[in-house]
Amino acid sequence: MIDKDIEDYMDLHSSEEDGLLHKLFRETQLKTYYPRMVSGKQQGIFLEMISRMIKPRNILEIGTFTGYSAIQMAKGLVEGGKLLTIDINEEIESFASKYFKLSGLDDKIDFRIGDALDVIPGLDMRFDLVFIDADKEQYIDYYELALEKLNSGGFILADNVLWSGKVLNFVKRTSNSRKQDKETSGIIAFNKHVKADKRVEKVIIPLRDGITIIRKAD
């Protein structure tokens with residue numbers, strides 16, 4: 001969504017990516033089927049900044065992938081805080097767990113393999129920050145479950161809400177094409193759902209593939 005030259009300029013004038021995260025990023029590119037799913041430098045720094053500003057006691061992440069975003073957000077936890085991250089893909093468990101340990105933050109990260117829609121209802125904890133970056137067709141379901149567990153004044157960050165610009169031209173496509181593209185349909189439905197939700201304040205920022213910042217009313 002951002003011009004490559006602008007993206008390079010942003011990288012040049014932002015904090016440096018630490019060595020471990022750069023290694024994680026490179027290994028993700030080399031060893032996974034969908035490396036674009038990794039947060040990367042700009043989004044990672046943004047997530048860390050948000051976490052450090054909020055100083056959360058507990059963070060919920062829906063969609064772990066290789067662990068980049070979890071490590072960045074965990075840096076902002078208060079003493080004794082926890083980040084619970086959930087991913088349905090058991091094949092990435094050893095990859096992410098390795099980097100959690102190398103980061104020195106593994107004692108703050110509770111990594112669970114399973115369907116977030118099954119895991120979240122059984123959680124006996126509240127959260128100050130939630131990051132949603134998983135199955136786009138289920139975004140509304142994740143959002144509603146997360147909102148129930150979110151403290152008043154807490155924040156939800158939802159990734160990929162601009163979906164490479166597909167949210168703009170979706171209605172112009174053929175009916176059959178729209179039916180087949182369930183991920184874009186899910187993102188559009190989610191964006192409309194959040195826009196209409198009076199329980200929260202919200203704003204979309206065009207960082208990387210679009211992130212919605214959502215604040216639960218006090």
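1. Buried means under 20% relative accessible area, exposed over 50%, and partly exposed in between. Arginine 199 has a relative accessible area of 40%, so it counts as partly exposed. The model is predicted. The points below take the sheet strands, then the salt bridges, then single residues.

2. Strand 4 covers residues 127-132. Of its 6 residues, 6 are buried, so the rest of the structure largely encloses it. Strand 1 (residues 58-62) pairs with strand 4 in the parallel sense, over 4 bridges. Within that pairing, leucine 60 stands opposite valine 130.

3. Strand 4 also pairs with strand 5 (residues 150-159). These two run parallel and are joined by 5 bridges. Leucine 129 has phenylalanine 155 of strand 5 as its bridge partner. Helix 7 (residues 139-149) completes the unit: strand 4, helix 7 and strand 5 make a right-handed β-α-β arrangement.

4. What is the sense of the pairing between strand 5 and strand 7? It is antiparallel, over 5 bridges. Two residue pairs can be checked here. Phenylalanine 155 stands opposite arginine 215 in strand 7. Isoleucine 156 has isoleucine 214 as its bridge partner in strand 7. Phenylalanine 155 thus appears in two pairings, with leucine 129 and with arginine 215.

5. Strand 7 spans residues 211-216. Buried residues make up 5 of its 6, so strand 7 is largely enclosed by the rest of the structure. Strand 6 (residues 200-205) pairs with strand 7 in the antiparallel sense over 6 bridges. Isoleucine 205 is matched with isoleucine 211 in strand 7. The two strands form a hairpin with 5 residues between them. Look at the turn: arginine 208 there has a positive phi of about 55°.

6. The salt-bridge count comes to 12. One of them joins the side chains of glutamate 144 and arginine 199, at 2.9 Å from N to O. That pair links distant parts of the chain. Glutamate 144 sits in helix 7, and arginine 199 in the loop between helix 10 and strand 6, 55 residues apart. Glutamate 144 is at 22% relative accessibility and therefore counts as partly exposed.

7. Arginine 199 has a further partner. Its side chain meets that of aspartate 197 in a salt bridge of 2.8 Å, N to O. Aspartate 197 is at 7% relative accessibility, so it counts as buried. Arginine 199, as said, is partly exposed at 40%.

8. Arginine 215 and glutamate 201 also meet through their side chains in a salt bridge, at 3.7 Å from N to O. Arginine 215 belongs to strand 7 and glutamate 201 to strand 6, so the pair ties together parts 14 residues apart in sequence. Glutamate 201 is partly exposed, with a relative accessible area of 48%. Elsewhere, a network of salt bridges links Asp18, Glu48, Arg52 and Lys75.

9. Is alanine 96 buried or exposed? It is buried, with a relative accessible area of 0%. Alanine 96 lies in helix 5 (residues 93-103). Its C-alpha atom is separated by 4.9 Å from that of glycine 67, 29 residues apart along the chain. Leaving out residues up to four places away in sequence, alanine 96 touches Thr64, Phe65, Thr66, Gly67 and Phe111.

10. Threonine 64, one of those contacts, is in the loop between strand 1 and helix 4 (68-74). It is buried, at a relative accessible area of 2%. With residues up to four places away again not counted, threonine 64 touches Thr85, Ile86, Asp87, Ala96, Phe100 and Phe111. Phe111 is therefore touched by both alanine 96 and threonine 64, given contact as heavy atoms within 4.5 Å.

11. Alanine 189 is in helix 10 (residues 182-196). It is partly exposed, with a relative accessible area of 33%. Alanine 189 and glutamate 137 are 52 residues apart in sequence, with their C-alpha atoms 8.9 Å apart in space.

12. Finally, the surface. Tyr33, Tyr34 and Met37 make a nonpolar patch of about 460 Å². Methionine 37 is in the loop between helix 2 (19-31) and helix 3 (40-54). Its relative accessibility is 45%, so methionine 37 counts as partly exposed.

Note on methods
Residues numbered from 1 in each chain as written. Predicted model: local features only at pLDDT ≥ 70, side-chain atom pairs only at ≥ 80, totals over all residues. Heavy atoms only, no water. Patch = residues over 30% accessible without salt bridge, like charges linked within 9 Å, V, L, I, M, F, W, Y side chains within 5 Å. Areas by Shrake-Rupley, 256 points an atom, 1.4 Å probe, with all protein chains shown as cover. Salt bridge = Lys/Arg side-chain N within 4 Å of Asp/Glu carboxyl O. Buried < 20%, exposed > 50% of the residue type's maximum accessible area, 1.4 Å probe, protein only. Pairing = 2+ DSSP bridges. Right-handed = clockwise from strand over helix to strand, strands pointing away.
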